[in-house]
Structures are given as structure tokens and as C-alpha cells.
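Trainee: I am new to this structure. Please pick a single part and take me through it closely. Tell me also how that part meets the rest.

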Amino acid sequence: LTPGSVTPLGLLQDPAHQVQSFLDADFLTPLGRIGAHSNDNTATVFVSFDDMMRIVSAHGNETLIVQL
């Protein structure tokens, strides 16, 4: 990823699982959907917050939920 890029799907480019991510607790809203670029700024993928967390967790990266 380009330095400064932010996308939860970027964690899939971390084969050593060294990157720890933080997500704002506001994503835990009733809608529960998150839009993310697929490592490229030409398309946005919308998935449920729970599915995004499953994808990242299955890959092996730690994600902390924080209140901003």
C-alpha cells in the first residue's frame, strides 16, 4: 500500500501479521456496514462490520476497537 493509505483490507498484505489495526467504535452502529477500498482507490467494497472483522481475524492480524 502507498504510505498513508488506510484500508482494513490492507492488512491482507501483511504476511508476517506485524501490523496492529485500530477501528473506531462508531462502526458498531446498528447499520454495521463498512466501506473499504480494496487496496486501490478505484473501487469500494461494502461488507458488514462483523464480516470485516472475521476477514482480518482469520488473516491473523490483531484489531482493537477504540472510542475516538
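Mentor: Start with a term. Helices, of at least four residues, and strands, of at least two, are runs assigned by DSSP and numbered from the N terminus. Keep in mind that this is a predicted model. The part to look at is the helix.

First, the setting. The protein has 68 residues, and 28% of them count as buried. It holds 1 helix and 4 strands. Their order from the N terminus is β-β-β-α-β. Helix H1 spans residues 49-59.

Now the buried residues of H1. They are Phe 49, Met 52, Met 53 and Val 56. These residues lie on the same side of H1, because they cover an arc of only 95° around the axis. A general rule helps here. An α-helix has 3.6 residues a turn, so residues three or four places apart point the same way. On the other side of H1, Arg 54 and Ala 58 are exposed.

What do the buried residues of H1 pack against? They pack against E1, E2, strand E3 (44-48) and strand E4 (63-66).

Go back to the other side of H1 and stay with Arg 54. Arg 54 forms a salt bridge with Asp 51. Their closest N and O atoms are 2.6 Å apart. The cut-off for a salt bridge is 4 Å, so this pair qualifies. The structure holds 1 salt bridge. Where do the partners sit in the helix, relative to each other? Arg 54 and Asp 51 are 3 residues apart in H1, so about one helical turn separates them. As for cover, Arg 54 is exposed, with a relative accessible area of 52%. Asp 51 is partly exposed, at 33%. Exposed means over 50%, and buried means under 20%, so a value of 33% falls in between. In general, side chains of opposite charge can pair when their charged atoms come close.

Turn to the core next. The largest nonpolar core has 6 residues: Leu 9, Leu 11, Ile 34, Ala 36, Met 52 and Val 56. Strand E2 (33-37) and helix H1 are the elements that give two or more residues to this core. In soluble globular proteins, nonpolar side chains tend to be buried together.

Follow the core from Met 52. Among the residues that Ala 36 touches is Met 52. Ala 36 also touches Thr 7, Pro 8, Leu 9, Ala 43, Thr 44 and Val 45, with residues up to four places away in sequence left out. Val 47 is another contact of Met 52. Val 47 lies in strand E3. Beyond its neighbours within four places in sequence, Val 47 is in contact with Gly 32, Arg 33 and Ile 34 too. Val 47 and Gly 32 are 15 residues apart in sequence, yet 8.5 Å apart in space, C-alpha to C-alpha.

Those contacts lead to the pairing of E2 with E3. The two strands pair in the antiparallel sense over 5 bridges. Arg 33 stands opposite Ser 48 in E3. The hairpin of E2 and E3 has 6 residues between the strands, and Asn 39 takes a positive phi there, near 65°.

Now follow the core from Val 56. Leu 11 touches Val 56. Leu 11 is found in the segment before E1. Leu 11 is buried, with a relative accessible area of 7%. Its other contacts include Val 19, Ser 21, His 59, Asn 61 and Thr 63. His 59 falls within H1, which runs over 49-59.

End at the exit of the helix. H1 is followed by Gly 60. The phi of Gly 60 is positive, near 110°.

Put the picture together. One side of H1 carries the buried residues. That side packs against the four strands named above. The other side has Arg 54 and Ala 58 exposed. Arg 54 also pairs with Asp 51 in the salt bridge.

Definitions and conventions
Residues are numbered from 1 along each chain as its sequence is written. This is a predicted model: local features need pLDDT of at least 70, side-chain atom pairs count only at pLDDT 80 or more; totals for chains, interfaces and linings use all residues. Side-chain values use heavy atoms; hydrogens and water are left out. Buried means under 20% relative accessible area, exposed over 50%, partly exposed in between (1.4 Å probe, protein chains only). A nonpolar core is a set of buried Ala, Val, Leu, Ile, Met, Phe, Trp, Tyr and Cys residues joined through side-chain atoms within 4.5 Å. Contact means heavy atoms within 4.5 Å. The arc is that of the directions from the helix axis to the C-beta atoms. A salt bridge is a side-chain nitrogen of Lys or Arg within 4 Å of a carboxyl oxygen of Asp or Glu. Two strands pair if DSSP finds at least two bridges between them.
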